[in-house]
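This report covers three topics in turn: buried salt bridges, a surface patch and a pocket.

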Amino acid sequence: MFASIAFPVIDPVAIAIGPIAIRWYALAYIAGLVLGWRYCVMLCKRDPKMLDPSLFDDLLMYATLGVVLGGRLGYVLFYNPLYFLDNPLEALMIWRGGMSFHGGFLGVIVAIVLFARKHSVPPLVIGDIVATATPVGLFFGRVANFINAELYGRVTDAPWGVVFPGGGPLPRHPSQLYEAALEGIVLLLILSWFALRTRIRYRPGALVGGFFIGYGIARSVVELVRQPDAHIGFIAGGLTMGQILSAPMIIVGIALVLWARGRPEITPPKQPAGGA
């Protein structure tokens, strides 16, 4: 006998004014970007000699484009390339859903590199601050996944199992909330402790590497109970696409941390806010 929790009736549309509908998913992206930006500024103000906090006012636009364009492109290429090859115009219909964290992650990397080149600042110094704040956005994004009743987990007999609309009659792991806790809250606390309480921030790349490792492990663990995408299923001996995409992150993260720890500490001069 399965114990279960009924899925709360939550309209995915938060605000509707005539034909204009604002979804919780969109609000989650906005909240994640804005609060993440403010957290980046706060981190910079604690040690302004490392980086001018005003730089992040401009970086917000770059990061937003990186998240949205990279996230959508990643979903198209990683999760459903054949469908979008037959229906190319639907790749532009972001409002119908379908975003990939790994794609958005790569998009933000490209955005940081371009931004750092424009402003003549070390990309890893910016990357460390952005990496520390990224779990803020992950938390809101995963909560939005739960509200949308998407990306749910596998069938479970755990007393906190949830019967999701579209997920059949049996209760499933609320894997979105697991990810919100691990990728969001736990990872934010760990990275923030290192950024605020240790001198690791003076070794550029260490916090980026720590984020890679933390996210990769958290995502791989939750994938053990998350339902694979129906059109992909299990790959290569029971692995999921999320685990396959996370494995390189963990490897690169370990390499980055070891590389950063082997280099001397730096204290870059305060950078101008204007472009070079």
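A residue counts as buried when its relative accessible area is under 20%, as exposed when that value is over 50%, and as partly exposed in between. The model described here is predicted.

**Salt bridges**

By that cut-off, Arg 219 and Glu 223 are both buried. The two residues form a salt bridge, with 2.8 Å between the closest N and O atoms. The structure holds eight salt bridges, and three of the pairs are listed below.

| Pair | Closest N to O distance |
|---|---|
| Arg 219 and Glu 223 | 2.8 Å |
| Arg 142 and Glu 183 | 3.1 Å |
| Arg 142 and Glu 179 | 3.2 Å |

Arg 142 pairs with Glu 183 in a salt bridge. This contact links distant parts of the chain, since Arg 142 is in helix α5 and Glu 183 in helix α6, 41 residues apart. Arg 142 also meets the side chain of Glu 179 in a salt bridge. Glu 179 lies in helix α6 and Arg 142 in helix α5, so this pair ties together parts that are 37 residues apart in sequence.

How accessible are these partners? Arg 142 has a relative accessible area of 8% and is therefore buried. Glu 183 counts as buried because its relative accessibility is 0%. Glu 179 is buried too. Through shared partners, salt bridges join Arg 142, Glu 179, Glu 183, Arg 219, Glu 223 and Arg 226 into one network.

**Nonpolar patch**

On the surface, a nonpolar patch is formed by residues including Leu 182, Ile 185, Leu 189, Trp 193, Phe 194, Ile 217 and Leu 224. The accessible area of the whole patch is about 910 Å². Helices α6 and α7 (206-222) are the elements that give two or more residues to the patch. The most comes from α6, with seven residues. Trp 193, one of the patch residues, is placed in helix α6. Its relative accessible area is 48%, so Trp 193 is classed as partly exposed.

**Second largest pocket**

The second largest pocket has a volume of about 220 Å³. Its lining consists of 13 residues, and those nearest the centre are Leu 43, Asp 47, Ile 129, Ala 195 and Arg 201. At least two lining residues each are supplied by α1 (24-46), α5 (123-147) and α6 (175-197). The largest share, four residues, belongs to α5. Sorted by class, the lining has eight nonpolar residues, four charged and one polar.

Technical notes: Residues are numbered from 1 along each chain as its sequence is written. This is a predicted model: local features need pLDDT of at least 70, side-chain atom pairs count only at pLDDT 80 or more; totals for chains, interfaces and linings use all residues. Side-chain values use heavy atoms; hydrogens and water are left out. On a 1 Å grid over the protein atoms alone, a cavity is a set of points where a 1.4 Å probe fits but cannot get out, and a pocket is an open set with protein on both sides within 12 Å along at least five of seven lines; lining residues have an atom within 4 Å of a point. Grid points are joined across faces, edges and corners, and a volume is the space filled by probe spheres set on the points. Ala, Val, Leu, Ile, Met, Phe, Trp, Tyr, Cys and Pro count as nonpolar, Asp, Glu, Lys and Arg as charged, and the others, Gly among them, as polar. Patches are made of residues with over 30% relative accessible area and no salt bridge: like charges are joined within 9 Å, nonpolar side chains (Val, Leu, Ile, Met, Phe, Trp, Tyr) within 5 Å. Accessible areas come from the Shrake-Rupley method with a 1.4 Å probe; for residues, only the protein chains shown count as cover. A salt bridge is a side-chain nitrogen of Lys or Arg within 4 Å of a carboxyl oxygen of Asp or Glu. Buried means under 20% relative accessible area, exposed over 50%, partly exposed in between (1.4 Å probe, protein chains only).
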